[in-house]
Amino acid sequence: FETGIIPQARQTVASMLAGYQVNKVDFLNLIRSQITLYNYETNLWKTISQGQSARAKLVASVGEENIYE
């Protein structure tokens, strides 16, 4: 997500915005690309938070902060 999908989606939004400003892209397509970007970003943060939650539960179960040794 961080190195491929989201940067590409940001580039698409920028391209759509540039096209919209010169009347080559309609507003609906611009909004759709922005919504797609937001969905990708939301999925990224949801995945990160689920991973951190799972890690916190593991730390609580083990009783130690350093669980990788």
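## Exercises on a predicted two-helix model

A search of the whole structure finds one salt bridge. The structure is a predicted model, and the exercises below work through its contacts one region at a time.

### Exercise 1: the salt bridge

Task: Work out which residue forms a salt bridge with Glu-41, and which parts of the chain the pair links.

Solution. Begin with the general idea that side chains of opposite charge can pair when their charged atoms come close. In this model, the partner of Glu-41 is Arg-10, and the closest N and O atoms of the two are 3.0 Å apart. Next, place both residues along the chain: Glu-41 belongs to helix 2 and Arg-10 to helix 1, so that the pair, 31 residues apart, links distant parts of the chain. Finally, consider the surroundings of Arg-10, which has a relative accessibility of 47% and therefore counts as partly exposed, since that class lies between the limits of 20% and 50%.

### Exercise 2: the nonpolar core

Task: Find which residues make up the largest nonpolar core, and which helix gives the largest share of them.

Solution. The first step is to list the members, and the largest nonpolar core has five of them, namely Ile-6, Ala-9, Val-13, Leu-37 and Leu-44. The second step is to assign them to elements: helix 1, which covers 5-21, and helix 2, which covers 27-62, each supply at least two residues of this core. Helix 1 provides the largest share, with three residues. As background, nonpolar side chains in soluble globular proteins tend to be buried together.

The third step is to look at one member in detail. Ala-9 lies in helix 1, and with 8% relative accessibility it counts as buried, because this value is under 20%. When residues up to four places away in sequence are not counted, Ala-9 touches Leu-37 and Tyr-40. For a wider view along the chain, compare the position of Ala-9 with that of Arg-55: these residues are 46 residues apart along the chain, and their C-alpha atoms are separated by 29 Å.

### Exercise 3: a serine in helix 2

Task: Decide whether Ser-33 is buried or exposed, and name the residues with which Ser-33 is in contact once its neighbours within four places in sequence are left aside.

Solution. Start with the location, which for Ser-33 is helix 2. Then take its relative accessibility of 9%, which is under the limit of 20%, and therefore Ser-33 counts as buried. With the sequence neighbours within four places set aside, the contacts of Ser-33 are Thr-12, Val-13 and Met-16. One of these contacts, Thr-12, lies in helix 1 and counts as partly exposed at 35% relative accessibility. Thr-12 can also be placed relative to Asp-26, which is 14 residues away along the chain, with 14 Å between the two C-alpha atoms.

### Exercise 4: the aromatic pair and the surface patch

Task: Determine how the rings of Tyr-20 and Phe-27 are arranged, and which residues form the nonpolar patch on the surface.

Solution. A search of the whole structure finds one aromatic pair. The ring centres of Tyr-20 and Phe-27 are 5.7 Å apart and the planes stand at 55°, so the pair is tilted; an angle under 30 degrees would count as stacked and one over 60 as edge-to-face. Turn next to accessibility, where Tyr-20 is partly exposed at 35% and Phe-27 is partly exposed at 48%.

Both residues also appear in the nonpolar patch, which consists of Leu-17, Tyr-20, Phe-27, Ile-31 and Ile-35 and has about 430 Å² of accessible area together. Helix 1 and helix 2 are the elements that give two or more residues to the nonpolar patch, and helix 2 gives the largest share, three residues. Leu-17, a patch member, is found in helix 1 and is partly exposed, with a relative accessible area of 38%. Leu-17 and Ala-56 are 39 residues apart in sequence, and the distance from C-alpha to C-alpha is 41 Å.

### Exercise 5: a backbone angle in the loop

Task: State where Asn-23 is placed and what value its phi is near.

Solution. Asn-23 sits in the loop between helix 1 and helix 2. Its phi is near 60°, a positive value in a residue other than glycine. For comparison, most residues other than glycine have a negative phi. The last step concerns accessibility: Asn-23 has a relative accessible area of 71% and is therefore exposed, as the value is over 50%.

Conventions:
Residues are numbered from 1 along each chain as its sequence is written. This is a predicted model: local features need pLDDT of at least 70, side-chain atom pairs count only at pLDDT 80 or more; totals for chains, interfaces and linings use all residues. Side-chain values use heavy atoms; hydrogens and water are left out. A nonpolar core is a set of buried Ala, Val, Leu, Ile, Met, Phe, Trp, Tyr and Cys residues joined through side-chain atoms within 4.5 Å. Buried means under 20% relative accessible area, exposed over 50%, partly exposed in between (1.4 Å probe, protein chains only). Helices (H or I, at least four residues) and strands (E, at least two) are DSSP runs, numbered from the N terminus. Contact means heavy atoms within 4.5 Å. Rings of Phe, Tyr and Trp (its six-membered ring) pair if their centres lie within 6.5 Å; planes under 30 degrees apart count as stacked, over 60 as edge-to-face and the rest as tilted. Patches are made of residues with over 30% relative accessible area and no salt bridge: like charges are joined within 9 Å, nonpolar side chains (Val, Leu, Ile, Met, Phe, Trp, Tyr) within 5 Å. Accessible areas come from the Shrake-Rupley method with a 1.4 Å probe; for residues, only the protein chains shown count as cover. A salt bridge is a side-chain nitrogen of Lys or Arg within 4 Å of a carboxyl oxygen of Asp or Glu.
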